[in-house]
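Hi,

Here is the structure I promised to pass on to you. Please open it alongside this message, and the notes below will walk you through what turned up.

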Amino acid sequence: MAPSPARLLIFLLPTPSLTPPPPVRRPRRAWAGTARCAAPEAAASGGFVVIEDDLSELLQILPRDLRDNLQNEPRRDQLLEVILDLGRRPEARFLGNSGGQYLRDSEISQLELEEAQRAVGKFGGDNRAGIEGTLHRISAIRSRKGLVVGLTCRVGRAVNGHVDRVRDLLNYKESILFLGRPGVGKTTVMREIARVLADEFQKRVVIVDTSNEIGGDGDIPHAAIGGARRMQVPEPSMQHRVMIEAVENHMPEVVIVDEIGTEAEAQACRSIAERGVMLIGTAHGERLANIIKNPVLSDLIGGVETVTLGDEEARARRTQKSILERKAPPTFPFLIEMRERHYWVTHRTERSVDMLLHGKKPLVEESNSKSYRDDSLVWSGKGITSFRWATYDGGGL
């Protein structure tokens, strides 16, 4: 087995260095970043990644002809979402494809939308609903009168295997923020991390589940989160309160929260971290610079303030007198950019933020598990996740 660099030892050195740490032996990984929904016998014979998607439950809310069409679709296991818009042809979208596929030539009627609504149940204040006992998410588009005129029926899948790419980070017991655009797989990763921390690391894990996306719909959470506990949130605007309630009432060692997006939620994260509780969270964005420039979320990485230097200090630094500096320690010591489902970039947050603010490029770790075929996202069984040190390519400020 060929040696490869140890992860993150470089981040713990007292003085930053651009030289990767000495190599040690790393165990081979046998997981892919994403894979097709494997039959039980396929998984048992070495498929490595097991996915549960309860797809039949989602198809039940669709009109019968669409249901039959998708049941016979060869790419059914890569189905991402089904779009039902009033007066338009229904459309299916698949993983790995930028466009969609029309499911029939006739348009969706108001009656079909109403029948789908009745099958789903009540929508929350965020216009999201679910199917009890599954991980699927149904999102509504409303008219000005409040009537539902469109539905996005998104497939929820439980995937095992992603966590091997961050297992050594979990051993540090420090908070991790996952950053990525919608649809890149952040919630899927949260779900598996919750299970692994609760069942394998034997941690007291509480999930603050605002839209029931991590633990699924219904009062009994989905088995995909293992022994982690789940707190539901009555309204999206109350997420920060439930986060604090989780810490004060239930003594968690780990709090998991999806889609941190408001200043109140960012402040709640800092309050939780300062109480010694590990946080695993997600936020929308593509690069670390997006968080640094976001006045609402910048506190997650320590915040940014303008500092005025004296003349001598400015000359010594060879910079202007007014510069940007990190204001406080970051709430999340680690930040992972999920650029694609298979391609992640890991930062030691404090180090990377400081270097970017000073106009320098930090050293980061890139992990790539693209060992499947692009056209079908099927695990090939030949590759493993690769890790390498690289100079950050995310652009400056």
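**Helix 7 and its surroundings**

The buried residues of helix 7 pack against four elements: strand 12 (205-209), strand 13 (229-232), strand 14 (254-257) and helix 8 (263-274). Before you read on, please keep in mind that this is a predicted model. The residues of helix 7 that count as buried are Gln239, Val242, Met243, Ile244, Ala246 and Val247. As a general point, an α-helix has 3.6 residues a turn, so residues three or four places apart point the same way. Helix 7 itself covers residues 239-250, which makes 12 residues, and its first and last C-alpha atoms lie 16 Å apart, close to the 16 Å expected at 1.5 Å a residue. Right after helix 7 comes Met251, with a positive phi near 50 degrees.

**The chain as a whole**

Stepping back, the chain contains 11 helices and 21 strands. Of its 397 residues, 52% are buried. If you take the contacts between residues at least 6 apart in sequence, 61% of them join residues at least 24 apart. The exposed surface of the chain comes to about 18,600 Å², and carbon and sulfur atoms supply 48% of that.

**An open sheet of six strands**

In which order do the six strands of the open sheet stand? The order is 6-5-4-9-8-7, with antiparallel pairing. Strand 6 (100-102) and strand 7 (128-130) are at the edges with a single partner strand each, so one side of each has no neighbour in the sheet. On average, neighbouring strands here are turned by 25 degrees against each other, direction ignored.

At one end of that order, strand 5 (residues 91-94) pairs with strand 6 in the antiparallel sense over three bridges. Arg93 stands opposite Gly100 of strand 6. Arg93 also forms a salt bridge with Glu91, where the closest N and O atoms are 3.7 Å apart. The two partners differ in exposure: Arg93 is partly exposed at 31% relative accessibility, while Glu91 is buried, with a relative accessible area of 17%.

Helix 4 (residues 110-120) lies across strand 4 (79-85), strand 7, strand 8 (137-142) and strand 9 (148-154), and runs at about 55 degrees to strand 9.

**Salt bridges you may want to look at**

How many salt bridges does the structure hold? There are 25. In general, side chains of opposite charge can pair when their charged atoms come close.

One of them joins Glu81 and Arg154, whose closest N and O atoms are 3.3 Å apart. This pair links distant parts of the chain, since Glu81 belongs to strand 4 and Arg154 to strand 9, 73 residues apart. Why does Glu81 count as buried? Its relative accessible area is 9%, and buried means under 20%.

Another salt bridge connects Glu112 with Arg104, and here the closest N and O atoms are 2.7 Å apart. Glu112 and Arg104 are both buried.

Finally, there is a network of salt bridges that links Asp164, Arg167, Glu192, Arg195 and Glu200.

Happy browsing, and best wishes!

Note on methods. Residues are numbered from 1 along each chain as its sequence is written. This is a predicted model: local features need pLDDT of at least 70, side-chain atom pairs count only at pLDDT 80 or more; totals for chains, interfaces and linings use all residues. Side-chain values use heavy atoms; hydrogens and water are left out. Two strands pair if DSSP finds at least two bridges between them. Helices (H or I, at least four residues) and strands (E, at least two) are DSSP runs, numbered from the N terminus. Axes are lines fitted to C-alpha atoms, for helices over the stretch in contact, and angles run from 0 to 180 degrees between N-to-C directions. Contact means heavy atoms within 4.5 Å. Buried means under 20% relative accessible area, exposed over 50%, partly exposed in between (1.4 Å probe, protein chains only). Accessible areas come from the Shrake-Rupley method with a 1.4 Å probe; for residues, only the protein chains shown count as cover. The expected span of a helix is 1.5 Å times one less than its number of residues. A salt bridge is a side-chain nitrogen of Lys or Arg within 4 Å of a carboxyl oxygen of Asp or Glu.
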